[in-house]
Amino acid sequence: MSGDIAQIVAAALTVMTAATPLLLAATGELVTEKSGVLNLGVEGMMLVGAIAGFATAITTGSSTLGIVAGVAAGAGMALIFAVLTLTFLANQVATGLALTIFGTGLSALIGSGYVGIAVKPLPRLHLPVLSDLPLVGPILFGQDVLIYASFLLLAAVAYFLYRTHAGLVLRSIGDSHEAAHAIGYRVIGVRYLATLFGGAMSGLGGAYMSLAYSPSWSEGMTAGRGWIALALVVFATWRPARLLAGAYLFGGINILQLYIQAWGWEIPSQFLTMLPYLATVLVLVLISRDQTRIRLNAPACLGKPFYAAG
Amino acid sequence: MRIRLEPRGQRSPFWVYGSPVLALLLTLATAAIIFTALGKDPVASLYTFFVAPLTSSTAAPELFVKAAPLVLIAVGLSLGFRANVWNIGAEGQYTLGALAGGGLALAFYDSTSPLLFPAMMAAGIIGGMAWAAIPAFLRTRFNASEILTSLMLTYVAQQLLIYLVVGPWKDPEGYGFPQSRLFQEAATAPNLIAGTRTHLGVLVALIVVGLGWIVMAKSLIGFQLRVVGQAPRAARYAGFSERRAIWFSLLLGGGLSGLAGLFEVAGPVGQLTPQISPGYGFTAIIVAFLGRLHPVGVLFAGLILALTYLGGEKAQIDLGMPNAVTFIFQGILLFYLLACDVLILYRVRGAHRSIVERAA
């Protein structure tokens, strides 16, 4: 019996640690896209966040500073994107791709001295009595701090977008930048902030990969999670609550991979590695075929450049 | 001083071609700063990276060997990008072309037939097309973004390649290395110039540049692609089908990527291994933009980006720099290019000057 509980706890932990980087990055990208900016560079920002966080944690010995560095690095990458697309009106799709190519190279260059080193994983919460409860204790009260942060940040973003005036302004800019500009809102300024927030969250998601999920650095370690986070935003039809469901669905696929092997099914590991990518294609198809739903929920100005005449 | 952009009202023909040149110069300047930051002598490093690869006797052929896959892929992508069809999964289509053509070479391992290599070329094209047909189908039938689906399929293709070379296609005498048997003579891309690695793919890439130019400038479908991309509404009223543009762009890009993959494994690599591409499918995206989405421009851009690969290899050996520097330069080049492209449609003015103008 206690073995079963231990197994359930282990499974829950695996799902949560796998879902958290996706949830963090997707929450940030959601805000960016709600303001009308499509930043396809999530993968690159996550990678740079991952190595910045890891290198800082190793050098300073502090995982807190590591997290801060990951956030700052992600925001720094997003700043490049913002200057190019918002100030210089560059094509957002192409700039996002450039950001990913650049981030892949930059993280590999910085990370070349950090391969094969382990870092102390993020400390887990420990509350007296509560954390020691069977089953619910370790799942609810024994996680690392960023898992709680991912929930709080998502809730904060949902509150911000739908319950505050600033959130309303951001959404109006995403839906009609011309109208928002005419009323006097600062379209470009708001989009800068939304893009930087998206980058910071991607950096945080990347830092979670290298400081908690792995915890180590290897080249290209995010393995497409940035792209999956982008797909999650579409899957969630730009709604925060559905983002949570999507991220945990993908966390669940991760554990499925482990269990299929544990059950002794004779499936080559490469096919199991394909699962999240194939699942991403599948959910995109399921959501996108309902065109009306996408049109109703997608920010109307997503990906369109804004030039303030006059 | 804040900068302000002022619409020109029309495209500046000067900056269409001036922008890539300016972007290249800015990239070189940035490269010098990065080398200095890495503690290297900037002048010597720039020389090693961008000039030294061109000085050896085999320089020109090697440059063409590296440029061939980039040019083949980028010509296809250029036509698609013009129609706003964002196939960014060329890397996966390249891999499938290599698998389809390479699989044929392994299946008919003892064949000496002169038909084997042409059959492999056809298989490479079909493999790449088949892989690109998936995002085309999902986009036209279910409206799923081809950006995300084509990219996801790249990861799937990579796993398929690894599965095959560690599993069913592994060389039984390969000491357990994850690689297939070396292709036989009849399954190898014919060599064009003795003593170099210049293979048939280089010639094919040049032919594709010519054909691509004809398709883009002279054919109806080329015209339709441009209209679909630049004025989707006009295209709809004119009865140009968006579905057709999507299918054409993806199949063309996929087929050429697959052919590029086949030439690479049947030429310079000579077998199937997990490392059949140093990111050609992604770099080709930069080549397409740097080449102004025009086949002839793509040829020049392909040679320039090929130089960054050669320079990266040289810097790795001579300066002990990680290979990743190549991708940093490639990313920076695209950043600068995208920023400089603003000059095509806008003038950059200092804010104080426009205030004066407004007052007057």
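# Exercises on a predicted two-chain model

With 360 residues, chain B has a radius of gyration of 22 Å, which agrees with the value near 21 Å for a compact globule of that length. Keep in mind that this is a predicted model. Let's work through it together.

## Exercise 1: the overall build of chain B

Task: Describe how many helices and strands chain B has, and what share of its residues is buried.

Solution.
- Step 1. Start with secondary structure: chain B comes to 15 helices and 2 strands.
- Step 2. Add the dimensions: the C-alpha trace of chain B spans about 85 × 60 × 35 Å along its principal axes.
- Step 3. Turn to burial: 52% of the 360 residues in chain B are buried.
- Step 4. Look at the contacts in chain B with a separation of 6 or more: 78% of these join residues 24 or more positions apart.

## Exercise 2: two domains and what lies between them

Task: Find which elements of domain 1 of chain B touch domain 2, and which of them gives the most residues.

Solution.
- Step 1. Set the bounds: the domain assignment gives domain 1 as 1-45 + 322-360 and domain 2 as 63-318 in chain B.
- Step 2. Place them: the centres of the two domains of chain B, taken over C-alpha atoms, are 30 Å apart.
- Step 3. Count the contact: 11 residues of domain 1 of chain B meet 12 residues of domain 2 of chain B.
- Step 4. Name the elements: on the domain 1 side, helix H1 (13-37) and helix H13 (325-340) of chain B give two or more residues. H13(B) gives the most to this side, with 8 residues.
- Step 5. Sort by class: this side of domain 1 has 8 nonpolar, 3 polar and no charged residues.

## Exercise 3: the contact between the chains

Task: Work out which helix of chain B gives the most to the side that touches chain A, and how the residues of that side divide by class.

Solution.
- Step 1. Count both sides: the contact takes 36 residues from chain B and 39 residues from chain A.
- Step 2. List the contributors: helix H5 (116-142), helix H6 (146-166), helix H11 (280-290) and H13 of chain B each supply at least two residues.
- Step 3. Pick out the leader: H13(B) gives the most to the side of chain B that touches chain A, with 11 residues.
- Step 4. Divide by class: the chain B side has 27 nonpolar, 8 polar and 1 charged.

## Exercise 4: the two faces of helix H2

Task: Decide where the buried residues of H2(B) lie around its axis.

Solution.
- Step 1. Collect the buried residues: in helix H2 (residues 42-51) of chain B these include B:Ser45, B:Thr48, B:Phe49 and B:Phe50.
- Step 2. Check the arc: they cover only 165 degrees around the axis, so they sit on the same side of H2(B).
- Step 3. Look at the face turned away from the buried side: it carries the exposed residues B:Val43 and B:Val51.
- Step 4. See what covers the buried residues of H2(B): the cover includes H1 and helix H12 (295-318) of chain B.

## Exercise 5: B:Gly201

Task: Is B:Gly201 buried or exposed?

Solution.
- Step 1. Locate the residue: B:Gly201 lies in helix H7 (residues 200-218) of chain B.
- Step 2. Apply the cut-off: a residue is buried if 20 or more other C-beta atoms lie within 10 Å of its own. B:Gly201 has 27 C-beta neighbours inside 10 Å, so B:Gly201 counts as buried.
- Step 3. Name the partners: leaving aside neighbours within four places in sequence, B:Gly201 is in contact with B:Ala68, B:Ala189, B:Phe263 and B:Gly267.

Terms used: Residues numbered from 1 in each chain as written. Chains lettered and ligands numbered in written order. Predicted model: local features only at pLDDT ≥ 70, side-chain atom pairs only at ≥ 80, totals over all residues. Domains from an automatic or database assignment. Contact = placed C-beta atoms within 7 Å. Helix = DSSP H or I, 4+ residues; strand = E, 2+ residues; numbered from the N terminus. Nonpolar A, V, L, I, M, F, W, Y, C, P; charged D, E, K, R; others polar. Rg over C-alpha atoms; globule rule 2.2 N^0.38 Å. Buried ≥ 20, exposed ≤ 12 C-beta atoms within 10 Å, placed from the backbone. Arc of directions from axis to C-beta.
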